[in-house]
Amino acid sequence: MTSITLVAGIGNIFCSDDGFGPEVLRRGAPRFTDPAVRATDYGIRGMHLAYDLLDGYDALVLVDALPDRGAPGTLHVFEADHDTLSAATGMDAHAMDPAAVFASLNALGGSPPYTVVIGCEVGCIDEGIGLSDVVAAAVPDAVRAVEEVLAGLPARLAARGG
């Protein structure tokens, strides 16, 4: 049986580097052509993402901006810890924070699929359209990271028994 993966770009394009996820999807979507992959720019529509996750995806690749930890433009790829994220917040129909999305999904009776986050530390989240130079420079690497994660998912899912 073929597993189905959702690649979700999230972020607010009107807040500079917070638009990282949507920009990665805009640039990468033409390259994510596997029929078992659905690539969608969710922007700030967290509740929409939660409802879509009820469709039973086997995996989620979440592309998002991350808080600045002192190295804007740095990419991080990691598995999401759903227990910590969904326990931290309650249902919020207006939030795009991944924790709020997973909490909303749980409140709707669903459970999150295996999730890999590809995030970039922000340099600027002030009002404005367009990524800072340092974050924009990370977009091609993020597109490659999505491709690498997608290529490795069958083995990861098999190892998890899924």
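The crossing of helices H2 and H4 is right-handed in this predicted model. H2 spans residues 46-53, and H4 spans residues 98-107. Their axes come within 9 Å and cross at roughly 45°. H2 is therefore oblique to H4.

The contact between these helices involves named residues on both sides. H2 contributes Gly46, Met47, Leu49, Ala50 and Leu53. H4 contributes Val101, Phe102, Ser104 and Leu105. By class, seven of the residues in this contact are nonpolar and two are polar. No charged residue takes part in the contact of H2 with H4.

H4 is mostly covered. Of its ten residues, eight are buried. The buried set begins with Pro98, Ala99 and Ala100 and continues through Val101, Phe102, Ala103, Ser104 and Leu105. Val101, Phe102, Ser104 and Leu105 thus appear in two roles: they are buried, and they meet H2. Glycine 109 follows H4. The phi of this glycine is positive, near 95°.

H4 also packs against strands. The helix lies across strand S1 (5-10), strand S3 (59-66) and S5. Relative to S3, H4 runs at about 145°.

These strands belong to an open sheet of five strands. The strand order is S2-S1-S3-S5-S4, and the pairing is mixed. Strand S2 (37-43) and strand S4 (75-79) form the edges, each pairing on one side only. On average, neighbouring strands of the sheet are turned by 20° against each other, direction ignored. Strands of a sheet pair through backbone hydrogen bonds, in either a parallel or an antiparallel manner.

At one edge, S4 is joined to strand S5 (residues 114-121) by five bridges. S4 and S5 run antiparallel. Valine 77 stands opposite isoleucine 118, a residue of S5.

The chain as a whole holds six helices and five strands. Along the sequence, the elements follow the pattern β-α-β-α-β-β-α-α-β-α-α. The chain has 162 residues, and buried residues make up 47% of them. Contacts with a separation of 6 or more were also examined by their distance along the sequence. Of these contacts, 80% come from residues 24 or more positions apart.

Terms used: Residues are numbered from 1 along each chain as its sequence is written. This is a predicted model: local features need pLDDT of at least 70, side-chain atom pairs count only at pLDDT 80 or more; totals for chains, interfaces and linings use all residues. Side-chain values use heavy atoms; hydrogens and water are left out. Axes are lines fitted to C-alpha atoms, for helices over the stretch in contact, and angles run from 0 to 180 degrees between N-to-C directions. Helices (H or I, at least four residues) and strands (E, at least two) are DSSP runs, numbered from the N terminus. Angles under 35 degrees count as roughly parallel, over 145 as roughly antiparallel, 65 to 115 as roughly perpendicular and the rest as oblique. A crossing is left-handed if the near helix is turned anticlockwise from the far one by less than a right angle, and right-handed if clockwise. Contact means heavy atoms within 4.5 Å. Ala, Val, Leu, Ile, Met, Phe, Trp, Tyr, Cys and Pro count as nonpolar, Asp, Glu, Lys and Arg as charged, and the others, Gly among them, as polar. Buried means under 20% relative accessible area, exposed over 50%, partly exposed in between (1.4 Å probe, protein chains only). Two strands pair if DSSP finds at least two bridges between them.
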